Amino acid sequence: MEHVPAESLEWESAPPDNFTGRVWFGPMYPPAHAEDLNVLGVTFEPGARTDWHTHPAGQVLSVVSGSGLVGTADGEVVRVGPGDTVYAPAGERHWHGAAPDSPMMHLSITYGGATEWAPDKVSDEEYGA
């Protein structure tokens, strides 16, 4: 067994090239053991969100706290809360982040390669849909 105390996690600010607003993330699964698995804790301030992106093998989001939004390229936007799980299949263009009135933390679980970031940000209109 390997125990990683919460205070030893290395949180870092998310790059503004791929996010709007203040976002932090930290590895939840030791990278030395990960190979193709990526498990991150991601914390969003109210209104903060990812840019449009896809994942080669899909993504699972598990909401830990707060309230968030997840949107897809077809215009669907769902509100999520603690205990909710969202699955984005391989190649699905989507975004996710905190609701305008709440911070949000989720676990992001991906494998199969790095996130593929689109060159465009989620507009305020798309976010508010």
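1. Two strands are said to pair if DSSP finds at least two bridges between them. By that criterion β8 and β11 are partners in this predicted model, since 5 bridges join the two strands, which run antiparallel. Within this pairing, Gly-68 stands opposite Ala-98 in β11.

2. The strand β11, which spans residues 94-98, is mostly covered, with 5 of its 5 residues buried. Ala-98 belongs to this strand and has a relative accessibility of 0%; because buried means under 20%, Ala-98 counts as buried. Setting aside residues up to four places away in sequence, Ala-98 touches a run of residues that includes Phe-44, Glu-45, Pro-46, Gly-47 and Ala-48, and among its other contacts are Ser-67, Gly-68, Leu-69, Pro-103, Met-104 and Tyr-127. Ala-98 and Trp-24 are separated by 74 residues in sequence, while their C-alpha atoms lie 12 Å apart in space.

3. On the partner strand, Thr-72 is found in β8, which covers residues 68-72. Is Thr-72 buried or exposed? Its relative accessible area is 13%, and therefore Thr-72 is classed as buried. Neighbours within four places in sequence aside, the contacts of Thr-72 are Trp-52, Glu-92, Arg-93, His-94 and Trp-95.

4. A further set of strands forms an open sheet of 6 strands, whose order is β1-β3-β4-β12-β7-β10 and whose pairing is antiparallel. The edges of this sheet are β1 (12-13) and β10 (85-88), each of which pairs on one side only. Strands of a sheet pair through backbone hydrogen bonds, either parallel or antiparallel.

5. Following the sheet from the β1 edge, 2 bridges join β1 to β3 in the antiparallel sense, and the bridge partner of Glu-12 is Phe-25 in β3. Between β3 and β4, which also run antiparallel, there are 5 bridges, and here Pro-27 stands opposite Leu-40 in β4. The antiparallel pairing of β4 with β12 extends over 8 bridges, and in this pair Val-42 has His-106 of β12 as its bridge partner.

6. Which residues touch the most other members of the largest nonpolar core? Among the 15 residues of that core, they are Val-23, Val-42 and Phe-44. At least two residues of this core come from each of β3 (23-27), β4 (37-44) and β7 (59-66), and β4 gives the most, with 3 residues. In soluble globular proteins, nonpolar side chains tend to be buried together.

7. Phe-44 deserves a separate entry. Leaving aside neighbours within four places in sequence, Phe-44 is in contact with Phe-19, Arg-22, Val-23, Arg-49, Thr-50 and His-96, and its contacts also include Gly-97, Ala-98, Pro-103, Met-104 and His-106. A second, separate core has 6 residues, including Trp-52, Leu-69, Trp-95 and Ala-118. Two of the residues named in this second core, Trp-52 and Trp-95, are also among the contacts of Thr-72.

8. The largest pocket has a volume of about 320 Å³. Its lining consists of 21 residues, and those nearest the pocket centre are Asn-38, Leu-40, His-55, Thr-115 and Trp-117. The elements that contribute two or more residues to this lining are β4 and β12 (104-111). By class, the lining residues are 9 nonpolar, 11 polar and 1 charged.

Notes: Residues numbered from 1 in each chain as written. Predicted model: local features only at pLDDT ≥ 70, side-chain atom pairs only at ≥ 80, totals over all residues. Heavy atoms only, no water. Helix = DSSP H or I, 4+ residues; strand = E, 2+ residues; numbered from the N terminus. Buried < 20%, exposed > 50% of the residue type's maximum accessible area, 1.4 Å probe, protein only. Contact = heavy atoms within 4.5 Å. Core = buried A, V, L, I, M, F, W, Y, C linked by side-chain atoms within 4.5 Å. 1 Å grid on protein atoms, 1.4 Å probe; cavity = no way out; pocket = protein on both sides within 12 Å on 5 of 7 lines; lining within 4 Å. Points joined across faces, edges and corners; volume = space filled by probe spheres on them. Nonpolar A, V, L, I, M, F, W, Y, C, P; charged D, E, K, R; others polar.
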